[in-house]
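Student: I have a model open and would like to go through its side-chain pairs, disulfides and strands with you. Shall we take it one question at a time?

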Amino acid sequence: MGIAMVCQLSLTGTAGAATAATAAKTVATGAVAPNAANELDCNGWSEAYGTVRKLAGATCVDPVTVKNGKRFRFEDNGHYIGHDEPSVKFISSTPGSGNTMSYLTKMPVDPRQSPTASGSVTNYGQLSIAPWFGLPMCDPKSYPQNACSPDSDTNTGLGAPTDAGSAFMELQFYPPGYTPFVDSESCSATKWCAALTIDSLACTFGFATCNNNCIEPVNFAFLQTNGVPAGPPSPQLTDVSTFTPNGHTLMINGGDTLSVSISDPPQGFTTTVRDLTTHQTGTMTASAANGFMNTNIADCTGNPFTFHAEYSTAKQQNQVPWAALEGGVLMQQEIGHSEVCSSLTNKDPFSASFSDGQSYSDPNVFDTCVGGSEGPGQTGEGPCDPTTGICQNASTEGPNGPVACPTNNFTSGANCEFADGYCFQKGARTAMVNGVATTEFSDANQCFDTRFQNGDLDFDGLSYQGSAWPNGSRNHPSAYEYAGPFQANGRPYPQIQFETNVGASEILCDTATGTGCTAPPQGSNFYPFWSLNPQRSALGSHQTSCFWSFGNVLPRTFETFGKDAQYGTPDVARFGGTSTSAVQANPEFTGVCAGPI
């Protein structure tokens with residue numbers, strides 16, 4: 001079923017590739033005016049442009065703002081758009097460690113049984129919408145609008161007026177089960193896919209001047225077996241085909257072992273995934289030739305641009321000055337976007353049409369979860385009236401669980417859950433893509449908390465239930481297993497640092513002082529953490545005998561780094577909404593992990 005649906009939803013054959021090639025030719029002579037709907041604001045709140053994939057920033061970089069020299073939560077045209085990103089930062093002073101690396105991963109396998117409303121059975125798409133690998137990128141047209149020397153530690157990113165123009169790259173992996181990608185999270189009902197994304201920020205130093213019409217432009221392209229974007233990747237020209245897998249999109253089975261390569265050759269920053277199980281390879285180069293662009297702060301137009309990594313090394317201070325996470329070479333899981341439900345209510349269809357004639361509509365979209373994560377017989381948040389901003393039943397973090405939000409207006413910028421949508425009923429449904437009826441799928445009655453705010457801001461969803469995560473049983477997915485990263489010389493990164501920006505999403509967190517900024521959030525039942533486990537031969541590497549996993553304790557877990565305590569304390573000196581640990585030795589290659597089991 002998954003393969004059939006992907007084929008139906010795709011633009012078939014090389015049509016998507018042709019669209020991207022046409023776009024690249026169009027932009028070759030200079031600045032490009034944006035389409036009426038685009039990805040100039042990854043978060044979807046531009047007041048000048050429509051957004052193709054309007055998911056309130058679910059897979060965007062989480063920015064901060066600066067007031068009187070101090071970092072605070074960022075609001076996008078009156079909307080808080082931060083989200084929950086627990087991460088491991090890998091640190092090395094070896095030249096090339098900031099731009100060239102590799103990983104081995106083993107993809108999770110979901111249970112054969114469908115997810116249940118109680119959470120007794122879960123799949124990975126309910127726990128994390130996008131595990132990713134990331135690092136800082138050069139973009140002279142991103143904050144703070146200064147020149148940037150690619151692959152060079154002459155760049156700085158600690159908050160000085162002379163910091164280099166900085167963007168952030170994420171190589172994101174999307175779990176199966178909840179299609180289509182354009183308004184949900186999956187490429188397929190049964191298979192994973194991956195994309196290269198690069199987020200920039202249209203502000204000058206100290207946020208003295210920002211263009212709120214294109215505040216966080218994002219370049220996006222799926223990894224393709226032929227290396228050609230499925231649709232125009234640039235923020236200006238994005239359309240439905242950009243977010244629609246085609247016949248060349250790399251599809252990945254649960255349980256496959258992947259070799260992930262990140263490099264920065266002269267032709268442009270490149271990500272490559274080799275599926276060692278199926279022997280398929282997908283790649284994407286962030287080049288002008290492939291249609292990538294950066295964005296002019298003055299008028300949101302684009303210029304063809306070949307991206308390169310910002311730094312030579314992965315030193316701790318090599319950061320992105322405008323991001324809530326400190327940046328660097330990161331391994332991360334995007335959580336807090338999932339509520340499972342007994343049923344759904346408050347139908348709120350989604351539709352969009354674009355200047356190039358493409359269109360998308362999904363009539364069977366809902367705003368509100370009933371039962372399940374909300375509690376037996378309880379009705380969740382929403383609906384909202386987009387014309388007035390007024391919502392029903394808005395909630396937020398309380399000291400002992402969800403409480404009423406102090407405002408019912410989703411344009412207030414408050415850290416509240418105003419509605420549960422986008423929500424999709426379990427099973428197949430019909431959507432229209434470019435006028436053609438297509439079959440889409442949801443593995444459960446599922447809400448993603450991405451329509452009127454970014455995330456599960458009362459912290460009652462599946463990401464915050466310890467029993468929902470992999471635990472070795474058949475009722476839950478297997479763990480996402482990582483080995484690495486490895487530097488270009490094959491050696492490991494010698495140090496690590498844990499961090500999470502969950503505090504910024506907590507209404508009880510004072511980001512100026514760090515008071516109330518906790519992991520787990522106040523009132524939540526659980527907060528997932530990173531751990532080390534003995535490595536099975538299927539993910540074998542001569543360089544390590546352990547793998548990283550994320551979530552809860554697995555049957556063979558031997559190192560939890562103090563569970564939630566691993567995230568350390570609020571980094572008030574930089575931004576109190578982000579907690580960081582002390583820098584420490586990377587134990588994946590020492591002690592019990594130093595040799596074969």
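Student: Is Glu 326 buried or exposed?
Tutor: Keep in mind that this is a predicted model. Buried means under 20% relative accessible area. Glu 326 has 4% relative accessibility, so the residue counts as buried.

Student: Which residue forms a salt bridge with Glu 326?
Tutor: Glu 326 sits in the loop between strand 17 (302-304) and strand 18 (329-334), and its partner is 237 residues apart from it, in strand 7 (residues 87-91). That partner is buried too, with a relative accessible area of 1%. The closest N and O atoms of the pair are 3.8 Å apart, and the partner is Lys 89.

Student: How many salt bridges does the structure hold?
Tutor: Side chains of opposite charge can pair when their charged atoms come close. The link of Lys 89 with Glu 326 is one such salt bridge, and Arg 429 with Asp 362 is another. For the structure, the count is four.

Student: How far apart are the closest N and O atoms of Arg 429 and Asp 362?
Tutor: Arg 429 belongs to strand 27 (427-433) and Asp 362 to strand 22 (359-362), with their positions 67 residues apart in the chain. Both Arg 429 and Asp 362 are buried. In their salt bridge, the closest N and O atoms are apart by 2.9 Å.

Student: Which residues are linked in a network of salt bridges?
Tutor: Start with the salt bridge of Asp 348 and Arg 451, at 3.5 Å from N to O. Asp 348 is in the loop between strand 20 (343-347) and strand 21 (350-353), while Arg 451 is in the loop between strand 29 (446-447) and strand 30 (481-487). Asp 348 is buried at 17% relative accessible area, and Arg 451 is buried at 10%. The network links Asp 348, Asp 367 and Arg 451.

Student: In what order do the four strands of the open sheet come?
Tutor: The pairing in this sheet is antiparallel. Strand 21 and strand 28 (436-442) each have a single partner strand, so they stand at the edges, with one side of each left without a neighbour in the sheet. From one strand to the next, the twist averages 25 degrees. The order is 21-22-27-28.

Student: Which residue in strand 22 is the bridge partner of Phe 350?
Tutor: Strand 21 and strand 22 run antiparallel and are joined by four bridges. The partner of Phe 350 also forms a salt bridge with Arg 429. In strand 22, the bridge partner is Asp 362.

Student: Moving on to the cysteines, how many disulfides does a search of the whole structure find?
Tutor: A disulfide is a covalent bond between the sulfur atoms of two cysteines. Among them here are Cys 138 with Cys 148 and Cys 405 with Cys 416. The search of the whole structure gives 11.

Student: Is the disulfide of Cys 138 and Cys 148 left-handed or right-handed?
Tutor: Its sulfur atoms are 1.9 Å apart. Cys 138 is in strand 9 (130-138) and Cys 148 in the loop between strand 9 and strand 10 (166-174), so the pair ties together parts 10 residues apart in sequence. Cys 138 counts as buried at 3%, and Cys 148 is buried at 15%. The torsion about the S-S bond is about -65 degrees, so the disulfide is left-handed.

Student: What is the handedness of the disulfide of Cys 405 and Cys 416?
Tutor: Cys 405 and Cys 416 have sulfur atoms 2.1 Å apart. Both cysteines are buried. The torsion about their S-S bond is about 80 degrees, so this disulfide is right-handed.

Student: Which cysteine does a disulfide join to Cys 546?
Tutor: Cys 546 lies in strand 33 (546-551), and its partner is 47 residues apart, in the segment after strand 36. With -95 degrees about the S-S bond, their link is left-handed. The S to S distance is 1.9 Å, and the partner is Cys 593.

Conventions. Residues are numbered from 1 along each chain as its sequence is written. This is a predicted model: local features need pLDDT of at least 70, side-chain atom pairs count only at pLDDT 80 or more; totals for chains, interfaces and linings use all residues. Side-chain values use heavy atoms; hydrogens and water are left out. A salt bridge is a side-chain nitrogen of Lys or Arg within 4 Å of a carboxyl oxygen of Asp or Glu. Helices (H or I, at least four residues) and strands (E, at least two) are DSSP runs, numbered from the N terminus. Buried means under 20% relative accessible area, exposed over 50%, partly exposed in between (1.4 Å probe, protein chains only). A disulfide is a pair of cysteine sulfur atoms within 2.5 Å. Two strands pair if DSSP finds at least two bridges between them. Axes are lines fitted to C-alpha atoms, for helices over the stretch in contact, and angles run from 0 to 180 degrees between N-to-C directions.
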